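Please walk me through this structure, beginning with its interior and moving on to its surface and its charged pairs.

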Amino acid sequence: MATIWDPKQYLKFAAPRLRPALDLLGQVYQSDVKTLYDLGSGTGNLVPFFRDRWPEASIIGVDNSKNMLSAARKAHRDVTWIEADIASWQPDESADLIYSNAALQWLPEHEVLFPKLLGFLKPSGALAIQMPRNHLAPSHSLIEDVIHSNGLVDKLRNAEALLPVLDPEVYYNILSPFVGDLNIWESEFIQILDGDNAVAEWTKGTALKPYLDILSEEERKVFFDQYSTLVARAYPVRPDGKTLFPFRRLFIVARM
Ligand SMILES: C[S@@+](CC[C@H](N)C(=O)[O-])C[C@H]1O[C@@H](n2cnc3c(N)ncnc32)[C@H](O)[C@@H]1O
């Protein structure tokens, strides 16, 4: 079952979700970008920043969520929005930049996909990717705990769950034979979140979503309540009302 993305839930934490996207963009040194593809473009958050850097570029956003694309189309009329699955997508023309923030972790077989994306670049082009690599943290491992303790393994077997992002060294091995320059780094962001149940609200818009979508209303409530209690213990609210949520992310910029 395909995950139905909810722009409103996703954008609740727009600021901490934007920061890694900008860190990634900050390491893209292409001065002349005419054709830019944003893979898993979501609601088009990055468009103003792309425009700022490369005012004349053709920007093409690719996403397989009708909800996200509909929000993107309303917000940015000067961009071409394409509904497609990144796994089978092919560009109409070679790219100066293929950029993807927080999307490719939903796709399998990076050892095949990433070299294929390099093949869509111009000889001077770049591939820039950011993916969360937080699957060992309680925010993500507790999802598995709740699935098991509620006997939901079979029911949730076909959920389009987040795949663990591989070790940085594996991406080096996958990409280095094909590129002239490779920049790989990880950052752990200490995200400072407001509001009740902040970490559960965060994952509700991403990692938890494929599971919640499959459950009945009653199951969903039990699941989310149990998960919320466990994550609240792992990430307690501080006396000032803030919740600190450390979150690891992997960045890759490959230049041909
Ligand atoms: C976490 S959001 C990131 C959105 C945007 N890149 C940003 O930084 O705000 C992930 C996006 O990837 C899209 N996505 C996930 N799997 C996809 C696939 N196989 N093909 C196309 N888009 C996909 C989702 O629909 C969603 O809009």
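The paragraphs below take up the nonpolar cores, one helix, the surface, two loop residues, the salt bridges and a proline.

The model shown here is a predicted one, and a natural place to begin is its interior. In soluble globular proteins, nonpolar side chains tend to be buried together. Here the largest nonpolar core has 28 residues, and those with the most contacts inside it are Trp89, Ile98, Leu104 and Phe114. Several elements contribute to this core, with at least two residues supplied by each of strand 1 (35-39), strand 2 (58-63), strand 4 (95-101), helix 5 (110-118), strand 5 (121-132), helix 7 (168-175) and strand 7 (243-255). Separate from this set is a second core, which has 26 residues and includes Leu208, Tyr211, Phe224 and Phe245.

Leucine 104, one of the residues with the most contacts inside the largest core, can be followed in more detail. Leaving aside residues up to four places away in sequence, leucine 104 touches Ile86, His110, Leu113, Phe114, Leu117, Ile129 and Met131. 

Helix 7, which supplies at least two residues of the largest core, shows how a helix can be placed against other elements. Which residues of helix 7 are buried? They are Tyr171, Ile174 and Leu175. Because these residues cover an arc of only 80° around the axis, they are on the same side of helix 7. The cover over the buried residues of helix 7 includes helix 5, strand 5, strand 6 (181-193) and strand 7.

Nonpolar residues are also found at the surface, where Ile190, Ile192 and Leu244 make a nonpolar patch of about 270 Å². Leucine 244 is a residue of strand 7, and it counts as partly exposed because its relative accessibility is 32%, a value that lies between the cut-offs of 20% for buried and 50% for exposed.

Two loop residues deserve a look for their backbone angles. Glutamate 109 is not a glycine, and yet it has a positive phi of about 55°; its place is in the loop between strand 4 and helix 5. With a relative accessible area of 51%, glutamate 109 is exposed. Asparagine 197, also not a glycine, has a positive phi of about 55° and lies in the loop between strand 6 and helix 8 (198-204). Its relative accessibility is 30%, so asparagine 197 counts as partly exposed.

The charged side chains come next. Side chains of opposite charge can pair when their charged atoms come close. How many salt bridges does the structure hold? There are 16 salt bridges in the structure, and three of the pairs are described here in turn. Aspartate 32 and lysine 34 meet through their side chains in a salt bridge, at 2.8 Å from N to O; aspartate 32 counts as partly exposed at 48% relative accessibility, and lysine 34 counts as partly exposed at 46%.

A salt bridge also brings together the side chains of lysine 122 and aspartate 96, at 3.0 Å from N to O. This pair links distant parts of the chain, since lysine 122 is in strand 5 and aspartate 96 is in strand 4, 26 residues apart. Lysine 122 counts as partly exposed at 25% relative accessibility, whereas aspartate 96 is buried, with a relative accessible area of 7%.

Aspartate 181 forms a salt bridge with arginine 255, and the closest N and O atoms are 3.0 Å apart. Because aspartate 181 lies in strand 6 and arginine 255 in strand 7, the pair ties together parts that are 74 residues apart in sequence. Aspartate 181 is partly exposed, with a relative accessible area of 34%, and arginine 255 is partly exposed as well, at 28%. Elsewhere, salt bridges that share partners join Arg133, Asp167, Glu186 and Arg248 into one network.

The last stop is proline 16, which is found in helix 2 (residues 14-26) and is partly exposed, with a relative accessible area of 24%. Although proline 16 and isoleucine 192 are 176 residues apart along the chain, their C-alpha atoms are separated by 8.2 Å. Not counting residues up to four places away in sequence, proline 16 touches Gln191, Leu193 and Trp202. Isoleucine 192 also belongs to the nonpolar surface patch, together with Ile190 and Leu244.

Note on methods. Residues are numbered from 1 along each chain as its sequence is written. This is a predicted model: local features need pLDDT of at least 70, side-chain atom pairs count only at pLDDT 80 or more; totals for chains, interfaces and linings use all residues. Side-chain values use heavy atoms; hydrogens and water are left out. A nonpolar core is a set of buried Ala, Val, Leu, Ile, Met, Phe, Trp, Tyr and Cys residues joined through side-chain atoms within 4.5 Å. Buried means under 20% relative accessible area, exposed over 50%, partly exposed in between (1.4 Å probe, protein chains only). Helices (H or I, at least four residues) and strands (E, at least two) are DSSP runs, numbered from the N terminus. Contact means heavy atoms within 4.5 Å. Patches are made of residues with over 30% relative accessible area and no salt bridge: like charges are joined within 9 Å, nonpolar side chains (Val, Leu, Ile, Met, Phe, Trp, Tyr) within 5 Å. Accessible areas come from the Shrake-Rupley method with a 1.4 Å probe; for residues, only the protein chains shown count as cover. A salt bridge is a side-chain nitrogen of Lys or Arg within 4 Å of a carboxyl oxygen of Asp or Glu. The arc is that of the directions from the helix axis to the C-beta atoms.
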